[in-house]
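Trainee: Could you take a close look at one chain with me, and at how its parts are arranged? I would like one connected walk through it.

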Amino acid sequence: MKIRLIKDKVIGTGMLTFSILAVSMVLLIGIGLYWRSLPILQHHSIWELISSSTWRPLKGEFGFLSFIMGTLWVTGMSIAIAVPLCLLVAIYLSEYAPIRFKNFFLPLVNILAGIPPVIYGVWGVFFIVPLVQHYIAPSFVDFSTGFTVLSGGIVLAVMIFPLIVSIIVEVLQTIPKELKEASLSLGATKWETIKKVILKKAMPGIIAAIVLAISRAFGETIAVLMVCGNVPISPKSIFDPAYPLPALLANNFGEMMSVPLYDAALMFSAFSLFVIILIFNIISRVILQKIEVKNA
Amino acid sequence: MRKRKLEEAIFKALMIVSTVLVGLSLFLIIGTIVVKGLPFLDWDMISKIPDGGYYFGRSGGMLNAIIGSIYIAGGATLLGMFISLPVSIYLNVYLKKANHFARFAKLSFDVLFGIPSIVYGAFAFSLMVYLGVRASLLGGVIAVTLLVIPIMVRTLDEVIVHVPKELKEATLSLGATRWEMAKIYFRQIRAGVLTAVLLAFGRGVGDVAAVMFTAGFSDNIPVSLHEPAATLPLAIFFQLGSPIPEVQGRAYASALILTIVILIIVVFSTLLTNKRRKKS
């Protein structure tokens, strides 16, 4: 009898240790990256690093501004494309479409989520970049290589489609049916009900989905690296190339060892990516957990 | 009155257009990869390692990268399962649902799930520097393991939550310890474990940013944990950067191979999930 209880306790303690270790990964990653970026923080203030746009590692000048701007432009572009589209898709799937179409369409979107980033990159290089270069850009600017903020934004938008659609569909499912019926019985059309009742009620969830999508777009590396052009100058229009932070990190990691502080500078960029994405994720997950608890 | 109807009609049309666009993007991606990759796909691609001068258009294949990817993703999935299964059993079976640690842990895994792979790569790289491990198969496995743990825990979590509560109550009321109950849970969630394995493997095979600095690259098939290993996505990335059309073509062919592998994995895991949903 006793052996059973001891076994239960021992295994429980073992699993608790595993759980604590796994959970503390968040902390460990933060501390690890901060520790590796300390050397640069001792030489330059954070403000100096993020407000300067001179990037001359060989002379010890590390200004991240153009990379930060690159990231913001590309992320903004992708959100501007993806959010309206996905919102419409999610509303259609949960309010208008026949249930059979919904059951057919959502797994398709799921496949999109499974496709590796590098495949998106290949697609971007072969399909989106020429599209932008030959068909979209010429009507707005004189010359463009196609490797632009716009191309990066489109590719990223497609990458975050599944995330936004699936979360918003789930959020819309939690809206009580009575609310909808009450509005419809008062004579509102279906669209008016959606606009004035459902969307209002679903707003926190939609915002959570968008915040989550922003953080996903923020950290995406290889696809963006392949289609954005990687010119370390702040973009001024969507037809300019951009050089987002993750791309900087990926491009220079191998060769950084010989230049002093370069390594720490790159780790600092990884650390800032981590902190920003961490904050965004916590915000949206807390909102989503609240919605879930309310409806459980 | 008419304005209201018109507005609805316009938005409905917009919705259908958006749905078509989103659906179309999937077919465009797969279509592009198939059309570009198929002409370059041959048996050598998946049965040979690169010969000398392969990257200048000479003969050879991508077997080194395919094997490397399978080693890294497989190793990481195995290691990840070894950690994730106890964690999710502990959080759901040992702890009560309202437990603060359980809720905090679930939030942490949700957050970890959102951390991009480049950050995992950078972290694993600094860990390797600290431990004195060079870019190798081992490094790649470590990085990808970190990456897949949150995916596995979240997937298992979703499956365990759907095990009927009565089962837990019945087992406990018969006097079983929590560990004995956990063993019964294992039996209930076997299909879910397989889903988690598939998802983690798929993510591991497809990821570049985490293995870029941790696994290195090599033209040979690694025979020990300390040798550098090539991975398929990284091979695609390198080859696409080449100015030689033949090499670029091989990048497309490699992309096609990777896409097929991923599609098989996704379809299998979707079928598994659907089967489970129908049962419950």
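Mentor: Happily! In this predicted model, the C-alpha centres of domain 1 of chain B and domain 2 of chain B lie 31 Å apart. Domain 1 covers 2-40 and domain 2 covers 47-279 of chain B, with bounds that come from an automatic or database domain assignment. Where they touch, seven residues of domain 1 of chain B are in contact with seven residues of domain 2 of chain B; contact here is C-beta atoms, placed from the backbone, within 7 Å. The domain 1 side of that junction has five nonpolar, one polar and one charged residues. In this scheme Ala, Val, Leu, Ile, Met, Phe, Trp, Tyr, Cys and Pro count as nonpolar, Asp, Glu, Lys and Arg as charged, and the others, Gly among them, as polar.

A word on conventions: residues are numbered from 1 along each chain as its sequence is written, and chains are lettered from A and ligands numbered from 1 in the order in which they are written. Local features need pLDDT (the predictor's confidence in each residue, from 0 to 100) of at least 70, side-chain atom pairs count only at pLDDT 80 or more, and totals for chains, interfaces and linings use all residues.

Now for the fold of chain B as a whole. Chain B has 11 helices and zero strands, where helices are DSSP runs of H or I with at least four residues and strands are E runs of at least two, numbered from the N terminus. Its C-alpha atoms fill a box of roughly 70 × 70 × 35 Å along the principal axes. Of the 280 residues in chain B, 47% are buried, that is, with 20 or more other C-beta atoms within 10 Å of their own, those C-beta atoms being placed from the backbone. Among contacts in chain B between residues at least 6 apart in sequence, 75% join residues at least 24 apart.

The UniProt record (unreviewed entry) places "transmembrane region" at several spans of chain B, including 12-35 and 70-95; such annotations may be inferred rather than shown by experiment. Residues 12-35 of chain B are 100% helix, with end C-alpha atoms 34 Å apart. For residues 70-95 of chain B the helix content is 96%, and the ends lie 35 Å apart.

Finally, the partner: 68 residues of chain B are in contact with 71 residues of chain A. On the chain A side, helix α1 (residues 2-23) gives the largest share, 12 residues, and that side divides into 50 nonpolar, 12 polar and nine charged residues.

Key: Two residues are in contact if their C-beta atoms, placed from the backbone, lie within 7 Å. A residue is buried if 20 or more other C-beta atoms lie within 10 Å of its own, exposed if 12 or fewer, and partly exposed in between; C-beta atoms are placed from the backbone.
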